[in-house]
Each structure stands twice: as structure tokens, then as C-alpha cells.
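Student: Please take a close look at the charged side chains and at what they meet. I would then like to see that part set among its surroundings.

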Amino acid sequence: MSSLNIIRFYLNGQLHEVANVESTTTLLNYLRETLLQTGSKEGCAEGDCGACTVVIAEQQDGRLRFRSINSCIQFLPTLDGKALYTVEGLRNKDGSLHPAQQAMVDCHASQCGFCTPGFVMSLFALYKSENRPDRQLIDDALAGNLCRCTGYRPIIDAAGQMYEYGKEQTAEQQTVINSPGSVKALEKELVEQLEMIKPAKDKKLGRHFYAPLSLDSLTSCYAEHPEATLLAGGTDVGLWVTKQYRDLPEIIYLGQIEELKRINIAEGFIQIGASVSLTDAFECLLEHYPDLDEIARRFASPPIRNAGTLCGNVANGSPIGDSMPALLCLGTIVRLRSAAGSRDVPMHKFYLGYQQKDLQQAEFVEAVLIPLPEEQHVFRSYKISKRFDQDISAVCAAFNLVLKDGVVDEISIAYGGMAAIPQRALQCEKSLLGQNFELAIVEKSMQVLSEDFTPLTDMRASADYRIKVAANLLLRFYHEVNGAAKNTTHVLRYVG
Ligand SMILES: Cc1cc2nc3c(=O)[nH]c(=O)nc-3n(C[C@H](O)[C@H](O)[C@H](O)COP(=O)(O)OP(=O)(O)OC[C@H]3O[C@@H](n4cnc5c(N)ncnc54)[C@H](O)[C@@H]3O)c2cc1C
Ligand code: FES
Ligand code: FES
């Protein structure tokens, strides 16, 4: 068998090779059913509960990053060239527990134990990325893990406590995984190991799983297999298999293409490539648009944001996708690519109808280009969902405004959850443009929203609720711009 068909990764420090797997074998099923490593659990098989959390280590921008992902929706061939850590691999060589495990024991943070391996792995990812996280960071790191019996307080205590155990280790006891944060000297060996298994050529892993290494190979591979499913982070595609039992005869994976992993800032745009994770995309966007904070933190959970991509969200084009209202509002351009060449489409023209996009055969999203902020713009985005963390929006809204002497000089308003596609509120914008930005005008424009949208009633919200909330978000924006209200996300989170 050619090495081009073999999936190679480090599993808890040991080189692991697999051949002849089904393209859509999930990592969780492989761990539990083939390797009989049953520490990682299956709770939901859809990325929601975190019982299956594992950690991937990868080199990125010269740094080693340890990030949590949900193994239940991750296809095994995507592991090629990476290092995987599962709960079975955390113990120290002398048999003692990893600081994340010991802290969970000492803080009495487990009862039935079903969720515990997942929490331990999220704590491990936190331990390897932050040295002294505050409460907010701890809460965010655990947002993708559910526990139905212990209660979260002891687990949060364990998150603070684990760093104390890290400090107690002697230099000889320290390894790359049991030392907090990044310790370059300890990382050397792992970095060399990852270099050795880095794919050097386009691979076909599994029966019909293509993993091209360059943009050109992707373009020609897609032209040859136009019916193939493109796979980026798999946080949508994974569920087609685990929940809808769909057969995916051919898959083309975008995650090995360096050109698509880049973020470039040039000529007034932030260009985010198709394989950039949501975590990295938001990290960069927040530097320029700090008001995206609420969307960034409440978009799914860390394991989903670590695997999923911003371009995957845009390409999937769900009417309740969270990034699109903000991106639409900011005037984002979608860069498309196929064997015929490249073309740029303004995002508001990209969505043609429910699940219909301006994509030709074998054409894919290469990047999204988001304009850099101009000084006089005021931008805000909001997400309304039943739960604060890890929930799909009922309504999502974004506003981008330029005022000149109190008059609306430019305005862009976009909503998710209000129509079959993420959409600008053009009538509402028209009613505000050129007017004084004052309460009476805003209240009139709130009424106009029902000309823009006829939302649906579904399990997330009724049509009435949606239209009311959409209008109230405009009102909230008005009050925030005028300083009468502050963004209250942080306060609301801890109430009750
Ligand atoms: C538990 C859970 C919570 C979630 N929460 C949220 C949430 O809060 N908000 C939200 O908006 N979404 C949420 N999602 C949905 C999902 O995480 C996002 O849509 C994500 O951005 C998808 O990116 P991906 O890289 O994983 O896409 P994939 O699953 O790999 O692909 C998604 C679709 O886009 C296509 N595709 C991917 N990349 C390209 C490309 N470059 N060009 C053309 N087509 C492409 C694929 O073929 C597929 O049709 C959630 C999902 C899960 C499982
Ligand atoms: S099993 Fe629930 S997130 Fe994977
Ligand atoms: S300890 Fe039982 S679900 Fe968390």
C-alpha cells in the first residue's frame, strides 16, 4: 500500500498508522470500536455535549497549539499529520494523574463520570493554552461540555486548581503535556515528530477521501470530482453522517492546504482563507471589530470553533448562521475559485434563495474579504438564543452606521433567522438614511422591518417573537449608540 493512502498521526505520543478506512469513519467510533479506547464517550453524536472531547496538537505560525475538538463528528482521515491526545494518554509516566485530572478528583468534580473525560480534555486544552485564565476564560473554555449531575461549580474550581499541581512538578517530571502553556524546550520533540509525518504529496485517504495540498490541486481535483462533498471543519458535514446517516461517496478535504489557512491584511481588507478556523478568524476580526465579541464567544463552543471554519459557515449559508449578518453588514466579499479562474461576489449577492448560492459547478469559496473598519463607523452585532452558550440563534442582527452631524449618512442592517437566507433589511435602511438618528425615526423604522421580513415560526421562536425581537435589537442599537445603554451581555450571563 502506498504511504499516500495511509493516515499517520501521533496518538498519545505514539506514531499510529491506519489504512483502508471508510472516509466517514468518525474519530470517536475508531477510538471506541477499533482501538477499544472507551474513555471518550458518546453523548449526542452531534458536537453538543462534549463527552467525546479530545485534543489535537498542530503547528501553526511556528507555534504549537493544543485545541479541543469533538471526536464524534471528526472524520478519521482529517487526523493525518496531527498529534491527538485522548483521556487515556494524560497520565504521567509514573502513573500519577495529569494536573487537570488530579484537580477534578480533589475538587469532587465528578459524580456519574460520563461527562468527566470530556471535561478533563477541555481543561487540558485550556491548561496548554492559558497560564492563568480568569473566570470568563474558564467559563468559555467549558462552554461545550455538559454535565447533568455534578453541577459546574466544582468543575470550575478544578480549572483554577489544576495550575497549582503544575507548579509542584520538578523539572524532571515535566513533559510537553503536563506543563502549563507553551514551553518551547519541551515542545521540540513533538514539533520534530509532526514535521516527520507532515504530508508531502496530495493524498487519497480512505476509499474516496481526497486531501490535496495546494490550491491548484484542489481546483483540479474538484473539477475531476464535481459531485464530491467539500469538507472544511466538518461541523456541519459531520452531522449529515452521524444524524442523517447520509452516504458521502466522495469527499475533498480542504484542511491540508497551507494557502487556505492564511489570514492576510492588505489593501483595506482582512482576507480569511477557507481553512482558517472560526477560533483564529474571530481572534483576528476582534482586533479590528471588538464589538463582534458577543457573536465570537457565543458561536457554538470552543471545540466547534476550533474545528469549524468561517468560510464553511458562509458556504453552508444557513439562514440562522451567526457570522453572516455581521459579514453582510460590513460589506464582505466572497472570493470564489474554480478551474475557470477566480471571481469576487459581494456577499449580499451570494445568497440566491434557501440553500441556493451563486456557486457554479466545481466552484468553491477560497476566502472571504472583510473591509477594515473606517473610523467613523459604529458597528454592533447581537445574538438571541434560548441558552447563552452553545445554542443556535433564533435571531441574529448586525448594524453598521455612519452619522454626520446627527444624520444617518450610511447604514447597513442585516439579520439572520428572519428569512430563508441571511439578509439585509433594505426597506428599514432606506427609512433611516438621511434622517436624524433620533428615537421617533428609529421607532418608525422598527415598524418598517415587517416590510423586509416575514419570518417563520419554528422550534426556536415564533414569527411574532422574531419580528418583535428584530425591532427591539434596532432600538437597543439606537440606545447603545446614544450612550443610554451599554452592551449588557456580561451582566446578563450571570443573572440567576
Ligand atoms: C454543536 C454545534 C453548534 C453549532 N453552533 C453554531 C452557531 O452557534 N452558529 C452558527 O452559525 N453555526 C453553528 N454551527 C454550525 C457550524 O459549526 C458552522 O456552520 C461552521 O462554520 C461550519 O464550518 P465547517 O468548516 O465545519 O464546515 P463544513 O461542515 O466542513 O462544511 C459546511 C458546508 O459548506 C461546504 N463548504 C465548506 N467549505 C467550503 C468552501 N470553502 N467552499 C465551498 N463550500 C464549502 C461543505 O461542502 C458543506 O456543504 C454549529 C454546529 C454544531 C455541530
Ligand atoms: S458525543 Fe456529544 S459532543 Fe460528541
Ligand atoms: S458527572 Fe454525571 S454527567 Fe457529569
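Charged groups and their surroundings

Tutor: The side chain of K128 lies over the face of F66, at 5.1 Å from the centre of the ring, where a charge sits over a ring if NZ of Lys or CZ of Arg is within 6 Å of the ring centre and within 35 degrees of the ring normal. This is a predicted model, in which local features need pLDDT of at least 70 and side-chain atom pairs count only at pLDDT 80 or more, while totals for chains, interfaces and linings use all residues. Residues are numbered from 1 along each chain as its sequence is written, chains are lettered from A and ligands numbered from 1 in the order in which they are written, and side-chain values use heavy atoms, with hydrogens and water left out.

A second placement of this kind involves R246, whose charged end sits over the ring of W240, 4.2 Å from its centre.

K128 also appears among the contacts of S179, which touches Y127, K128 and L186 once neighbours within four places in sequence are left aside; contact here means heavy atoms within 4.5 Å. S179 is placed in the loop between α5 (153-168) and α6 (184-197), helices (H or I, at least four residues) and strands (E, at least two) being DSSP runs numbered from the N terminus. With a relative accessible area of 1%, S179 is buried, a term that means under 20%, whereas exposed means over 50% and partly exposed lies in between (1.4 Å probe, protein chains only). A polar atom of the side chain of S179 lies 2.9 Å from the backbone oxygen of T175; a polar contact is a pair of N or O atoms within 3.5 Å, of which, within protein, one must be able to donate a hydrogen and the other to accept it, and residues adjacent in sequence count only if both atoms are side-chain atoms.

Charges also meet each other. There are 25 salt bridges in the count, each defined as a side-chain nitrogen of Lys or Arg within 4 Å of a carboxyl oxygen of Asp or Glu. In one of them the side chains of D280 and R67 come to 2.9 Å, N to O. This pair joins distant parts of the chain, with D280 in helix α9 (residues 278-288) and R67 in strand β4 (residues 63-70), 213 residues apart. D280 counts as buried because its relative accessibility is 10%, and R67 is likewise buried, with a relative accessible area of 15%.

A further salt bridge brings R343 and D358 together at 3.0 Å, N to O. Here too distant parts of the chain are linked, since R343 belongs to strand β13 (residues 341-346) and D358 to the loop between β15 (356-357) and β16 (364-371), 15 residues apart. R343 is partly exposed, at 26% relative accessible area, whereas D358, at 18%, counts as buried.

The side chains of E429 and R424 form a salt bridge at 2.6 Å, N to O. At 7% relative accessible area E429 is buried, while R424, at 23%, counts as partly exposed. Beyond single pairs, a network of salt bridges links D291, R380, R476 and E480.

The wider setting can be read from the domain assignment, which gives domain 1 (3-197), domain 2 (208-371) and domain 3 (380-494), with bounds that come from an automatic or database domain assignment. The centres of domain 1 and domain 2, taken over C-alpha atoms, are separated by 26 Å. Their contact takes 27 residues from domain 1 and 27 residues from domain 2.

One uncharged side chain deserves a place in this picture. Q256 is found in the loop between β9 (251-253) and β10 (263-266) and is buried, with a relative accessible area of 10%. Its side chain reaches the backbone oxygen of D80 at 2.9 Å. Residues up to four places away in sequence aside, Q256 touches D80, P199, A211, P212, L213 and K261.

Aromatic rings complete the account. The structure holds 16 aromatic pairs, counted where the centres of the rings of Phe, Tyr and Trp (its six-membered ring) lie within 6.5 Å, with planes under 30 degrees apart called stacked, over 60 edge-to-face and the rest tilted. One cluster linked by ring pairs is made up of Y382, F399, Y415, F437, F453, F477 and Y478.
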